[in-house]
Structure formats: C-alpha cells, structure tokens
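Subject: Structure for you to look at

Hello,

Here is the structure I promised to pass on. Please open it alongside this message, and then read on for what turned up in it.

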Amino acid sequence: MALRPDEFYDHAVAAADDERRLPLARMTGWEISPFDPDGLRVAPLRPPVLPEPARHGEDPSDCDTCRGRDEGIWFNERWRLIRVPRVGVPLVLMLLPRDHHDMADLPDELAAELGLLSTRIVRHIQALPHISRAHLYRVGDGGAHLHVWFFARPEGQAQLYGSWLVIWDDLLPEYPADVADADAATVVDALIASHGGHRLSDPGNSLPA
C-alpha cells in the first residue's frame, strides 16, 4: 500500500533542508538540462492539500474539451487530433477522444485504437524531414478528459533529448506557425492513409454527433 499523504510528505521532508528545500535533482547536471545548476534552488516542499482540487471537466456537462469535440485537424467517429499552437518545438499534436473519457475508464475498443493511433501518429511525425523523434506524454492532473501529447524533437538538437524536451519547448521562441501547419497537414495525410478518418473540411464529410 502506498504511503499516506502525511507519511509521504514526512518522508520527503526528512531529506530536505531547514527551508524544506530538497537537493537539486541529478537531472540538473545532465548535458541536456536547460538550467545551469549554479544558483538554482528547489522550491520549498509544500504540505499535502486534501481533498485535492477538482480537475477541469470532472463534470462532463462543464467540460470545454467536450464542447470542442468538432475542432481539430483530423477526425474519425471516436477521436480527434489538434495542433497545439504557440510552441517552441517544430510540432506539438494532441489526441483526444470525442466523447468524455479519461484513461482509466477508456472502453477496451477505444483503448486498443489509442494504441494503434499513437503508434501511427509517432511514425508519421518521425517521417517528417528534420524531425528525429516524437515523444508521447499523458499526464492528466489538470483535465479529466483524456488528452495525449505528441512532441516532435528537431533533428540534431542533442540538448533537447529526453525528458527535458517539454521544458525546452517552454523556453524556446515560438516556432513558425506556417511551417508547423504544413507539417501537421503532412501528418494528417499520412494518418488518413494509414488509419482512415478525415479532415473537417474534406468534401462530403460531416462529423457524427
């Protein structure tokens, strides 16, 4: 059984200084870290807050993601794909179920399709010129509606390897939107060919309710 919230906090604070600051992570010394460890400090560890605040969309009737179920660059009856704007890396896409589900309550049929879609989206992103890797993330602390992130790592940028990529994305200047739009369109073309589905603007297509 996992430690209770108070037990976890006490366990962590025991390793902290008198200001409740933990030592710097080993990751800050990696070559791919965006931060110089000199002068860097860990924020004081705050006590647990219980009950946890509700995530956005816990009530499906108040879920903005559900209201946007017909927005995106690719659709089928069950899923939609969007391009996340104003990012620093070449391309960030997000896959969402069109109906209200989180990961833990995803029906088996959708869970199986999620695996196929994720693999194909990664494959198509990595086929883009000057993209070396597509990183896949699912977090879910902020929103109750499942959303899966795909981050494209630019070729040759070894400092952007691995788990620091999302931090670098937040630090980098905004990537040219026209280039990202064109690459997203290429991914959509490949996804339609490999998995089906369509664009909203495709002639003769209408989205099921």
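Let me begin with Tyr-137, which sits in strand β4, residues 131–138. Its side chain makes a polar contact of 3.3 Å with the side chain of His-135. Setting aside residues up to four places away in sequence, Tyr-137 touches His-147, Val-148, Trp-149, Phe-151, Gly-162, Leu-165 and Val-166. One of these partners, His-147, is ten residues from Tyr-137 along the chain, and the two C-alpha atoms are 8.9 Å apart.

Before going further, a word on confidence: this is a predicted model. The protein chain has an average pLDDT of 93, and 96% of the residues score at least 70. Please be careful with residues 203–209, where pLDDT stays under 50. For that stretch the model has 13 contacts beyond four places in sequence.

Next, two helix residues.

His-124 belongs to helix α3, which covers residues 108–126. Its relative accessible area is 11%, so His-124 counts as buried, the cut-off being under 20%. The side chain of His-124 is joined to that of Ser-194 by a polar contact of 2.8 Å. Beyond its neighbours within four places in sequence, His-124 is in contact with Val-187, Ala-190, Leu-191 and, again, Ser-194.

Leu-171 is in helix α4, made up of residues 165–171. With a relative accessible area of 47%, Leu-171 is partly exposed, because that value falls between the 20% limit for buried and the 50% limit for exposed. When neighbours within four places in sequence are left aside, its contacts are Pro-34 and Phe-35. Pro-34 is 137 residues away from Leu-171 along the chain, yet their C-alpha atoms are separated by 8.5 Å.

Now for the backbone, where three places may interest you.

- The peptide bond from Leu-50 to Pro-51 is cis, with omega near -5°. Pro-51 is in the loop between α1 (5–13) and α2.
- Arg-20 also lies in the loop between α1 and α2. Its phi is near 65°, a positive value in a residue other than glycine. Arg-20 is partly exposed, at 32% relative accessible area.
- Arg-86 is in the loop between β2 and β3. Its phi, near 55°, is likewise positive in a residue other than glycine. Arg-86 has 65% relative accessibility and therefore counts as exposed, which requires over 50%.

Finally, the pockets. What volume does the largest pocket have? It comes to about 200 Å³. The elements that each give two or more residues to its lining are α2 (64–67), β2 (79–83) and β3 (92–97). In total, 13 residues line the largest pocket, and Thr-65, Arg-80, Ile-82, Met-94 and Leu-96 lie nearest its centre. How do the lining residues divide into nonpolar, polar and charged, and how many are there of each? Four are nonpolar, six are polar and three are charged.

If you would like a route through the model, you could start at Tyr-137 in strand β4, move on to the His-124 and Ser-194 side-chain pair, and then look at the cis bond from Leu-50 to Pro-51. The pocket could come last, with Thr-65 and Met-94 among the residues nearest its centre.

Best wishes

Note on methods:
Residues are numbered from 1 along each chain as its sequence is written. This is a predicted model: local features need pLDDT of at least 70, side-chain atom pairs count only at pLDDT 80 or more; totals for chains, interfaces and linings use all residues. Side-chain values use heavy atoms; hydrogens and water are left out. On a 1 Å grid over the protein atoms alone, a cavity is a set of points where a 1.4 Å probe fits but cannot get out, and a pocket is an open set with protein on both sides within 12 Å along at least five of seven lines; lining residues have an atom within 4 Å of a point. Grid points are joined across faces, edges and corners, and a volume is the space filled by probe spheres set on the points. Helices (H or I, at least four residues) and strands (E, at least two) are DSSP runs, numbered from the N terminus. Ala, Val, Leu, Ile, Met, Phe, Trp, Tyr, Cys and Pro count as nonpolar, Asp, Glu, Lys and Arg as charged, and the others, Gly among them, as polar. pLDDT is the predictor's confidence in each residue, from 0 to 100. Contact means heavy atoms within 4.5 Å. A polar contact is a pair of N or O atoms within 3.5 Å; within protein, one must be able to donate a hydrogen and the other to accept it, and residues adjacent in sequence count only if both atoms are side-chain atoms. Buried means under 20% relative accessible area, exposed over 50%, partly exposed in between (1.4 Å probe, protein chains only).
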